[in-house]
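Visitor: I'm new here. Could you show me around and explain the words you use?
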Amino acid sequence: MEGFELVTLILGSIFAFLLAFSIGANDVANAIGTSVGSKAITVKQAVVLASIFEFLGTVTMGGLVSSTLKSSIVPPSSFSGMEALFSLGMFSCIITSALWLGLATYAKLPVSTTQTIIGAIIGFASLELGFESINMSTILNIGLSWIISPVLGGVISFVLYLYISKIILSGYTLERSCILYPINSGLTFSALISSILLGNRSALGIPIYAIIIAIAGFGLLAGVVSYIFMSKYLLPTLEVDVEDAEGIDNTRIIEEKYKYLMIISSIFVAFAHGSNDVANAIGPLSVIIEYATTGTVSDTTSMPWYVIAGGGIGIVIGLAILGYRVMETIGEKITKLTYTRGYAAQFGAALTVLFATSLGLPISTTSVLVGSVAGTGLVKDTHSEESVGGGVQVKMLLKIVGGWIMTVVIGYSLTVVIYFSLKLIIFKS
């Protein structure tokens, strides 16, 4: 291993870890921020839960999107005979993303790592080989997914919360809520487990009928467990509350039950985020590692397990140290969240991100979650003002959307500068 390969390998690994750290500090907070903002769990509890399930998502599904970033946007074959420049370009992408995401985290702005890294890859490749080196069909698919995914998350969350608001909360009846709660629990688990199993179907080698049986089984088990939990532990407490407080608004009691589904849905968002966004750090790094160890870069080489695990560790550490800074923005400043709103928002986001991961599409969890939160804010409540939130804070939403647009431009521009400067210094050309 020569000097250039060794230096890029060492520094690339350091910056990739810093990028994963920044992803944990910024993006992962999106996964759990709604639960913190609605006071369902504390920041410390959020960090523990998100750390566990982010890592699980990373190691089980993180390779699907990483392959897209490594070889589908700019095929390594485009840099045939110039593999060193391809490695240098990916090194520049990592530096750009780490610097920008670190600055955004400090400013408490929930930007997208995905949009940064995509803009960065396009930047160095277009500078070196022109835009014809870029797989425009892949870029088109990714671009469409960026537009469709937050809308899809918002629609799913809007429909789910509309159903909860009009069918469950508007009736003010505990009886109706008690009947529908186990059903909602079962459907939640079935939908989210299905996206995980279908995404890993080829890797697991499981036939489709077995997956269908597993999905139905998980859903039924979740429904039964939630019914038992509600009957033995939750309902007795709620009945005492009703007896002790004449004229109490039953909406508050129903809301309290959905705290648990909200926590569960936030866990799935953390899992989904780990499966998709870890690729932003380890996808470019895998190119650097492969070139440093083999002298070539292949279109089909699989992602080393230790690289995926290392990315997951970096994400977890970043969340634990700085994640609280962004939790406040997502959880409270876009729209006021109740437990039912938080559950609906996180369910829509998790389902959308897991579906995109199964297709190998690098989407922005930030964008999807903001769209999902905004979707629930579009449902006008008619319940007690004290117990519900509502309305979308357009100014904050526009600020975040502006940050996304700026992120792509910054990713592109900064990478062009860094890549050109490093190439000039290292290769004197």
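Guide: Sure, let's start with handedness: a crossing is left-handed if the near helix is turned anticlockwise from the far one by less than a right angle, and right-handed if clockwise. This is a predicted model, where local features need pLDDT of at least 70, side-chain atom pairs count only at pLDDT 80 or more, and totals for chains, interfaces and linings use all residues. Residues are numbered from 1 along each chain as its sequence is written, and side-chain values use heavy atoms, with hydrogens and water left out.

Visitor: What is the handedness of the crossing of α13 and α14?
Guide: The α13 and α14 crossing is right-handed. The axes of α13 (residues 339-358) and α14 (residues 365-377) come within 8 Å and cross at roughly 145°. Among the residues making the contact are Ala345 of α13 and Leu369 of α14; contact means heavy atoms within 4.5 Å.

Visitor: Why is Ser87 called buried?
Guide: Buried means under 20% relative accessible area, exposed over 50%, partly exposed in between (1.4 Å probe, protein chains only). Ser87 has 0% relative accessibility, so Ser87 counts as buried. You'll find Ser87 in helix α3 (residues 83-106), and leaving out residues up to four places away in sequence, Ser87 touches Thr8, Val287, Ile288 and Tyr291.

Visitor: And what makes Ile14 partly exposed?
Guide: Its value is 43% relative accessibility, so Ile14 counts as partly exposed. Ile14 sits in helix α1.

Key. Helix = DSSP H or I, 4+ residues; strand = E, 2+ residues; numbered from the N terminus. Axes fitted to C-alpha atoms, helices over the stretch in contact; angles between N-to-C directions.
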